[in-house]
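Q: Could you take me through the aromatic side chains of this model, slowly and in plain words? I'd also be glad of a look at whatever else catches your eye along the way.

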Amino acid sequence: LILGLLMAMIGLCIQHDANHGAVSPKGWVNRFWGYTQDWIGGSALLWQHHHVLMHHAETNVDGDDPDITGDIVRFHALTNWSPSHRFQAMYTWFLLPLLPLKWHFVETFDLINMEHMGRPISPMSAGEANIALAFRVCFLLRFYALPLYLYPSLHTLLCIVACFGAGGLYLGMNFIISHNFEGVKFVLSDSDRTKHTKRDWAFEQVETSSTVGGRVLGFFHGGLNYQIEHHLF
């Protein structure tokens, strides 16, 4: 459990700032620490594509922001309603711990196909994708294959599940409160985008983000509980 939380904190406190280019004025330093995302089973390349190019540019825009786009959990009124959504307040807590499985396995094919969340990844990033795939193979061997090979038991499997489950739950909760908290607005109010008047970028960043908690939560979240400030600066 502790290892899973620590891996999540690497994602929130180290790789996040590095892949935003905010750890150091030197590019190679940011790139080095950005690869900690790959070390914990993610991908710096996919994270930049998902988070920087899509989420930050189109925060809380249904269909464009990957953090609110999906059918299993309904975050936005424009998302097609399903009877199962009546129970999402309960089943979401069981889905969040499974997020790492998507990152570890499903997104491996995103790197191979050079496409993520329905959008192509620039061919200029092919070299980075190869680096990411090399990291991914090493992670899968280190995190799954070797422990199960050296200590083949149900206990080993449960330890792995507990690790990624704790990390997934911690990260998932952080994602939800960042832009789906009480008082936060969504950009689109009608599925017909021609009816939407584009507003100033800064206004939309403030209205679609939420700053929650204080210094203690800021320590464990790497300051990412201050989402309004983060999206502006």
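A: Happy to. The structure holds eight aromatic pairs, where two rings of Phe, Tyr or Trp (for Trp, the six-membered ring) count as a pair if their centres lie within 6.5 Å; planes under 30 degrees apart are called stacked, over 60 edge-to-face, and the rest tilted. A word on the ground rules: this is a predicted model, in which local features need pLDDT of at least 70 and side-chain atom pairs count only at pLDDT 80 or more, while totals for chains, interfaces and linings use all residues. Residues are numbered from 1 along each chain as its sequence is written, and side-chain values use heavy atoms, with hydrogens and water left out.

Let's begin with Phe139 and Phe143. Their rings are stacked, with 5.0 Å from centre to centre and 15 degrees between the planes. Both belong to helix 7, residues 126–150, and because they are four residues apart there, about one helical turn separates them. (Helices are DSSP runs of H or I with at least four residues, strands are runs of E with at least two, and both are numbered from the N terminus.) Phe139 is buried, at a relative accessible area of 1%, and Phe143 also counts as buried, at 9%. Here buried means under 20% relative accessible area, exposed means over 50%, and partly exposed is in between, using a 1.4 Å probe and protein chains only.

The stack belongs to a wider group: ring pairs link Phe105, Phe139, Phe143 and Tyr144 into a cluster. Now bring in Phe164, which sits in helix 8, residues 154–179. Phe164 is buried too, with a relative accessible area of 8%. Setting aside neighbours within four places in sequence, Phe164 is in contact with Phe143 and Tyr144, and also with Pro97, Pro100, Leu101 and His104; contact means heavy atoms within 4.5 Å. Phe164 also shows how the fold brings distant parts of the chain together: Leu5 is 159 residues away in sequence, yet the C-alpha atoms are 8.6 Å apart.

Another aromatic ring has a charged partner. The charged end of Arg142 sits over the ring of Trp39, 3.8 Å from the ring centre. That label requires NZ of Lys or CZ of Arg to be within 6 Å of the ring centre and within 35 degrees of the ring normal.

A tryptophan also turns up where two helices meet. Helix 1 (residues 2–19) and helix 4 (residues 44–55) pack at an angle of about 75 degrees, with axes 10 Å apart. Axes are lines fitted to C-alpha atoms, for helices over the stretch in contact, and angles run from 0 to 180 degrees between N-to-C directions. The two helices are therefore roughly perpendicular, since angles of 65 to 115 degrees earn that name, under 35 is roughly parallel, over 145 roughly antiparallel, and the rest oblique. Gln15, His16 and Asn19 of helix 1 meet Ala44, Trp47, Gln48, His51 and Val52 of helix 4. By class, this contact has three nonpolar, five polar and no charged residues; Ala, Val, Leu, Ile, Met, Phe, Trp, Tyr, Cys and Pro count as nonpolar, Asp, Glu, Lys and Arg as charged, and the others, Gly among them, as polar.

Two methionines deserve a glance at the backbone. Most residues other than glycine have a negative phi. Met114, however, has a positive phi of about 55 degrees; its place is the loop between helix 6 (99–113) and strand 1 (115–116), and Met114 is buried, with a relative accessible area of 18%. Met117 likewise has a positive phi, near 55 degrees. Met117 lies in the loop between strand 1 and strand 2 (119–120) and is partly exposed, at 34%.

Finally, a residue from another loop. Asn80 lies between helix 4 and helix 5 (88–95) and is exposed, with a relative accessible area of 62%. Beyond neighbours within four places in sequence, Asn80 is in contact with Arg74 and His85.
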